[in-house]
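Work through the following two exercises with the structure open beside you, and try each task before you read its solution.

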There are 6 protein chains.
Amino acid sequence: MSINQIGIVKRNIVRADKGAVERLARFGVATVHEAMGRVGLMKTYMRPIYAGAHLCGTAVTVLMHPGDNWMMHVVAEQIQPGDVVVAAVTSESTDGFFGDLLATSFKARGAKGLVIDGGVRDVKDLTAMQFPVFSKAISAKGTIKATLGSVNIPVVCAGALVNPGDVILADDDGVVVVPAALTLQTAEAAQARESNEGDKRRKLADGVLGLDMYNMREPLARAGLKYID
Amino acid sequence: MSINQIGIVKRNIVRADKGAVERLARFGVATVHEAMGRVGLMKTYMRPIYAGAHLCGTAVTVLMHPGDNWMMHVVAEQIQPGDVVVAAVTSESTDGFFGDLLATSFKARGAKGLVIDGGVRDVKDLTAMQFPVFSKAISAKGTIKATLGSVNIPVVCAGALVNPGDVILADDDGVVVVPAALTLQTAEAAQARESNEGDKRRKLADGVLGLDMYNMREPLARAGLKYID
Amino acid sequence: MSINQIGIVKRNIVRADKGAVERLARFGVATVHEAMGRVGLMKTYMRPIYAGAHLCGTAVTVLMHPGDNWMMHVVAEQIQPGDVVVAAVTSESTDGFFGDLLATSFKARGAKGLVIDGGVRDVKDLTAMQFPVFSKAISAKGTIKATLGSVNIPVVCAGALVNPGDVILADDDGVVVVPAALTLQTAEAAQARESNEGDKRRKLADGVLGLDMYNMREPLARAGLKYID
Amino acid sequence: MSINQIGIVKRNIVRADKGAVERLARFGVATVHEAMGRVGLMKTYMRPIYAGAHLCGTAVTVLMHPGDNWMMHVVAEQIQPGDVVVAAVTSESTDGFFGDLLATSFKARGAKGLVIDGGVRDVKDLTAMQFPVFSKAISAKGTIKATLGSVNIPVVCAGALVNPGDVILADDDGVVVVPAALTLQTAEAAQARESNEGDKRRKLADGVLGLDMYNMREPLARAGLKYID
Amino acid sequence: MSINQIGIVKRNIVRADKGAVERLARFGVATVHEAMGRVGLMKTYMRPIYAGAHLCGTAVTVLMHPGDNWMMHVVAEQIQPGDVVVAAVTSESTDGFFGDLLATSFKARGAKGLVIDGGVRDVKDLTAMQFPVFSKAISAKGTIKATLGSVNIPVVCAGALVNPGDVILADDDGVVVVPAALTLQTAEAAQARESNEGDKRRKLADGVLGLDMYNMREPLARAGLKYID
Amino acid sequence: MSINQIGIVKRNIVRADKGAVERLARFGVATVHEAMGRVGLMKTYMRPIYAGAHLCGTAVTVLMHPGDNWMMHVVAEQIQPGDVVVAAVTSESTDGFFGDLLATSFKARGAKGLVIDGGVRDVKDLTAMQFPVFSKAISAKGTIKATLGSVNIPVVCAGALVNPGDVILADDDGVVVVPAALTLQTAEAAQARESNEGDKRRKLADGVLGLDMYNMREPLARAGLKYID
């Protein structure tokens with residue numbers, strides 16, 4: 001299945017291990033991004049449509065053309081409980097590809113939410129439904145159903161490659177993609193990082209400086225930092 | 001009255017029918033935009049200054065120059081209860097053309113809110129007053145009172161033509177303009193659309209797929225969509 | 001201490017008078033900007049990371065390189081109670097230079113908040129801590145600690161010059177910088193302006209028009225404004 | 001014919017007077033914009049696809065949907081020698097709606113050029129043909145032919161209202177729209193302005209200051225300007 | 001080799017077939033994008049640094065961190081004659097990652113050019129060298145050499161996935177990526193498309209309308225298009 | 001003279017040493033920026049209005065309000081041969097503050113060019129005059145003459161602090177500001193850097209890799225870089 005192949009729906013995809021996904025779901029996006037080695041983030045223009053929205057699940061992907069949401073109905077059938085729909089568009093479009101009717105359908109199929117490099121509408125209804133959406137735009141502009149795209153092929157969404165089955169984690173800090181094969185090791189690295197942080201947080205709250213806690217004074221001086229009065 | 005004519009205040013304008021406006025006010029922007037045939041939207045950069053802001057009323061228009069809000073005081077006198085002020089600027093400007101004093105005045109005249117292709121300030125006060133504003137920007141930058149514009153001429157605001165008396169509807173999904181002459185038929189089309197949606201929503205909530213409800217499988221196959229495993 | 005000098009930490013800075021800062025803190029950004037003669041604002045892209053965030057304090061400044069937050073730890077040590085950290089970057093960067101650990105440290109030092117021409121992360125935690133941050137972006141992207149910048153030199157942040165010790169005031173309307181030497185006179189001008197506004201607000205609420213209250217009818221006519229029916 | 005009406009082609013439009021168009025064609029966009037009273041400009045993002053492109057002609061308009069150039073073929077038939085095609089899109093789209101084949105067709109019909117609030121492609125060929133295009137974007141992205149728009153209805157293009165038959169003038173400084181009914185008076189005002197400028201230019205070249213030539217010293221002093229050493 | 005893996009240099013990559021690359025080089029970006037089925041384009045913000053720049057070659061990829069061009073020196077060694085360097089950055093950065101010294105080195109290694117989702121500098125020298133560069137920005141800002149990235153891993157550059165060995169074609173219309181395995185078939189499809197276009201161009205130049213040449217009148221009428229006078 | 005003080009014209013300013021300015025003029029912006037320690041650049045949105053424009057001179061500064069170019073006439077009188085006018089605006093504005101008449105006047109006074117954080121017009125004339133301008137925008141939009149700004153106060157222009165008398169250097173790579181007091185030492189550092197580069201360029205042209213020339217192999221290995229086949 002190559003990237004951007006048009007006119008294909010892949011039915012059987014390998015989803016990341018459920019237990020590992022559940023472990024990842026306990027962490028924030030910043031922590032997981034660090035655990036991945038500082039990669040995997042979508043662009044910062046991807047924002048939640050309501051404050052506090054967050055989601056974690058396995059990706060089913062859909063590629064659409066600008067102003068055309070036909071494939072949204074095709075991807076709906078491929079959703080399994082715990083999935084997140086990741087929607088990419090072949091060129092920039094802020095139109096409203098998704099609204100409360102599709103959200104009702106996606107929710108009935110067990111979707112955890114939507115991540116879309118385009119626009120959505122019916123924000124009030126989606127908020128009332130508490131159906132989490134991370135999007136590039138909000139737009140009432142309607143779309144047509146005229147052109148084929150694909151479902152469950154690899155896509156680039158907001159600057160990040162997403163393969164079907166990858167884990168998608170999104171919160172106030174943005175959206176991160178964890179390749180399915182790396183889910184468990186990423187969850188473990190995130191766990192290690194977080195345990196580590198509790199202790200640091202306590203020290204910093206007590207007034208210990210990062211300069212001392214991280215032993216930065218010496219390397220700063222070596223780099224030439226000068227203190228003056 | 002031609003577009004962009006400078007130095008004119010038109011006092012008598014024909015407002016859309018009050019009853020029809022009230023009927024339109026019951027719908028969301030996305031529904032009304034669809035009822036209009038997918039036209040009439042302002043650009044997606046127009047956002048409410050507080051969550052949940054919404055408005056519906058008849059347009060009184062004002063054209064200003066960048067950084068100059070003199071005409072805001074002129075338009076205030078033309079406001080009648082139920083009006084929405086639609087403010088356009090002759091070139092891009094994010095300055096704060098409007099704040100709590102003007103809002104107090106507009107409210108006293110019966111205005112339902114403001115739609116402005118520029119900036120506003122005193123957001124905290126406007127929120128406390130629950131005076132709905134949809135704007136391009138928020139900016140504390142003050143403006144001067146030096147140059148004539150016009151009031152109640154046709155204007156282009158955020159990419160949409162607005163004639164005085166047109167209906168302006170705005171909510172979380174954006175801002176839509178309904179020409180005065182189309183108010184009633186648009187309200188009826190919106191009503192038809194919404195009745196229609198209730199039934200669809202129930203079916204989708206029960207797990208029926210859009211693919212089946214809209215009979216899309218056959219046209220998708222004809223277009224060449226291929227399912228693979 | 002010249003602008004942009006790299007590799008310097010200035011320890012002793014002259015902060016604006018505490019009493020004058022407290023007086024300024026009672027006003028909104030729009031009022032203070034007007035009291036300054038309509039100057040001193042940062043760009044409108046600087047937004048609070050949570051609704052209702054506001055801050056007022058004396059600036060300690062830090063200059064960093066894109067994607068590198070090493071100097072954040074250096075500036076922490078220079079914070080005194082009542083300070084606001086103002087962070088500039090030598091070129092555009094939306095990376096997450098600041099998160100909950102640094103916020104914990106800054107808070108322990110008595111910081112009133114952060115103003116940064118870059119990105120921050122851990123927005124959920126910062127909101128829970130009610131640590132006010134005004135930033136250009138929100139991003140989970142981690143930063144490195146490799147390159148020297150400076151602390152407490154003059155910096156340009158979001159288009160505004162900030163000298164260490166200046167007063168920084170930020171609320172829903174944006175961020176304004178008051179030079180330390182002008183704090184008292186600005187507080188007084190703001191006070192005068194605000195007393196003035198109460199009376200105007202009452203009149204406008206009673207339906208008096210700005211046209212009459214500000215005697216604008218005559219200058220508008222002189223400028224050529226024409227009323228038509 | 002109301003704005004944004006979908007599915008309509010108007011065949012008979014009233015074009016601005018040919019002689020007046022020829023007179024306007026001798027002036028630059030800045031001069032004509034001033035002659036209009038500082039209105040009528042499209043947004044500054046409209047740029048020529050090659051250096052030195054310029055055009056002047058009567059508008060035939062076309063409204064398209066994002067990513068769909070079907071109506072480009074419909075508008076081609078309505079072109080008469082001396083026309084400029086003005087293309088608007090119902091929402092933001094940078095796709096390539098136009099390339100060398102359509103340019104060949106438009107040219108054969110006598111078109112003077114294209115102004116499009118969207119993208120174009122085949123820039124190398126268009127440059128070789130010296131077919132002037134002012135656009136929002138350059139993009140190789142292909143479009144479909146699936147949805148009706150309209151031809152020769154009023155449209156908003158890059159923030160400016162364009163009625164069929166209006167004069168469109170474009171050069172390095174941007175694009176200006178002159179309503180058909182104002183063509184002659186605008187040409188005369190432009191002529192007056194330009195005659196006027198020749199004399200000013202000579203004086204300024206001789207070292208006379210604008211301060212003196214425009215008698216600005218007194219009003220500046222009255223406004224409070226202070227000279228210091 | 002998974003996407004975004006940090007700290008890796010892959011030495012042996014499979015490049016697209018040389019003969020097929022040469023065939024592709026004869027076509028424009030728009031033609032090849034169409035031949036691919038309307039996919040594979042980078043974002044429209046990628047522009048040549050001088051008019052007329054164009055390139056075609058096999059991708060060697062490099063992933064860098066914002067403001068850090070250390071890996072540019074690592075990728076230089078992996079260049080073989082006929083390669084195009086494709087540079088991605090882990091977050092938005094407009095800094096000048098590349099200038100005349102690196103261009104001298106790349107050219108000595110046989111590089112056909114550079115495509116970079118970031119900034120470059122020394123534009124005057126690069127133009128004099130006629131070393132084609134397509135970039136997001138031009139910036140004199142220098143970068144550091146502190147953090148590892150990777151070479152010859154799959155990267156997302158300006159919204160497009162690029163695997164090492166893929167064909168990169170760039171001209172005035174933008175940048176397109178052709179997967180190595182599809183090079184030959186894409187060249188053939190492009191050839192077929194272009195032969196086809198010569199005949200169309202002649203007909204259109206003779207005044208035949210697209211409406212007739214493409215038999216659009218009947219489907220337009222069926223879709224409901226109405227002609228009025 | 002504090003930043004942003006309104007209503008002031010300073011007549012006597014200390015300009016950078018003429019000989020040192022001449023020495024600086026021989027270098028490119030990228031070289032001088034490096035010689036300054038990688039600081040002093042304006043934002044990358046500042047672009048020449050014609051290809052090949054470049055300038056070097058001493059700054060006279062002007063602060064204007066959006067849409068108001070009154071102070072342009074005031075600054076004209078303060079120009080001395082060899083000066084570059086640096087124009088800042090109190091908030092974002094793309095209007096055309098400057099055109100061929102002002103250019104004629106500035107040129108007659110001996111100005112080397114203009115750097116403006118706003119728009120200009122009459123680009124064709126300015127190009128014919130070969131009067132170099134670096135601006136944020138090109139716009140035919142006219143401005144008014146109603147509000148005081150200041151001349152020869154410190155200003156922030158496109159993100160950089162400029163003091164009157166500083167050296168401004170601009171070419172295809174952007175705009176850099178050199179504080180008057182640092183002119184000579186910067187010229188010397190630039191000279192050293194450039195001598196240095198000639199040798200490097202020759203080696204790289206001969207196929208020597210930066211990896212070897214800069215001894216990077218060992219630090220890369222230490223940082224953990226892995227080569228695989």
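Two exercises follow, both on a predicted model.

**Exercise 1.** Describe the interface of chain C and chain F: how many residues take part, what area is buried, and which salt bridge does K43(C) form?

*Solution.* Begin with the residues in contact, of which chain C gives 15 and chain F gives 14. Next comes the area buried between chain C and chain F, which is about 1,200 Å², with carbon and sulfur atoms giving 64% of that area. On the side of chain C, V39(C), K43(C) and L161(C) supply 32% of the area that this chain buries against chain F, which is more than any other three residues supply. Then turn to the charged groups: the rule finds two salt bridges across this interface, and K43(C) forms a salt bridge with E92(F), in which the closest N and O atoms are 3.2 Å apart. Since the cut-off for such a pair is 4 Å, the distance of 3.2 Å lies within it. Finally, sorting by class the residues of chain C that touch chain F gives six nonpolar, five polar and four charged residues.

**Exercise 2.** Find the strand that pairs with β11(D), and decide whether the residues of β11(D) are buried or exposed.

*Solution.* Strand β10 (residues 167–171) of chain D is joined to β11(D) by five bridges, and the two strands run antiparallel. One of the partners to check is V167(D), whose bridge partner in β11(D) is V178(D). Between β10(D) and β11(D), the chain passes through a hairpin of two residues. For the second part, five of the five residues of β11 (residues 174–178) in chain D are buried. In a regular strand, side chains alternate between the two faces of the sheet. Accordingly, G174(D), V176(D) and V178(D) point one way from β11(D), while V175(D) and V177(D) point the other way, and all are buried.

Terms used. Residues numbered from 1 in each chain as written. Chains lettered and ligands numbered in written order. Predicted model: local features only at pLDDT ≥ 70, side-chain atom pairs only at ≥ 80, totals over all residues. Heavy atoms only, no water. Contact = heavy atoms within 4.5 Å. Buried area = accessible area lost by both parts, 1.4 Å probe. Salt bridge = Lys/Arg side-chain N within 4 Å of Asp/Glu carboxyl O. Nonpolar A, V, L, I, M, F, W, Y, C, P; charged D, E, K, R; others polar. Buried < 20%, exposed > 50% of the residue type's maximum accessible area, 1.4 Å probe, protein only. Helix = DSSP H or I, 4+ residues; strand = E, 2+ residues; numbered from the N terminus. Pairing = 2+ DSSP bridges.
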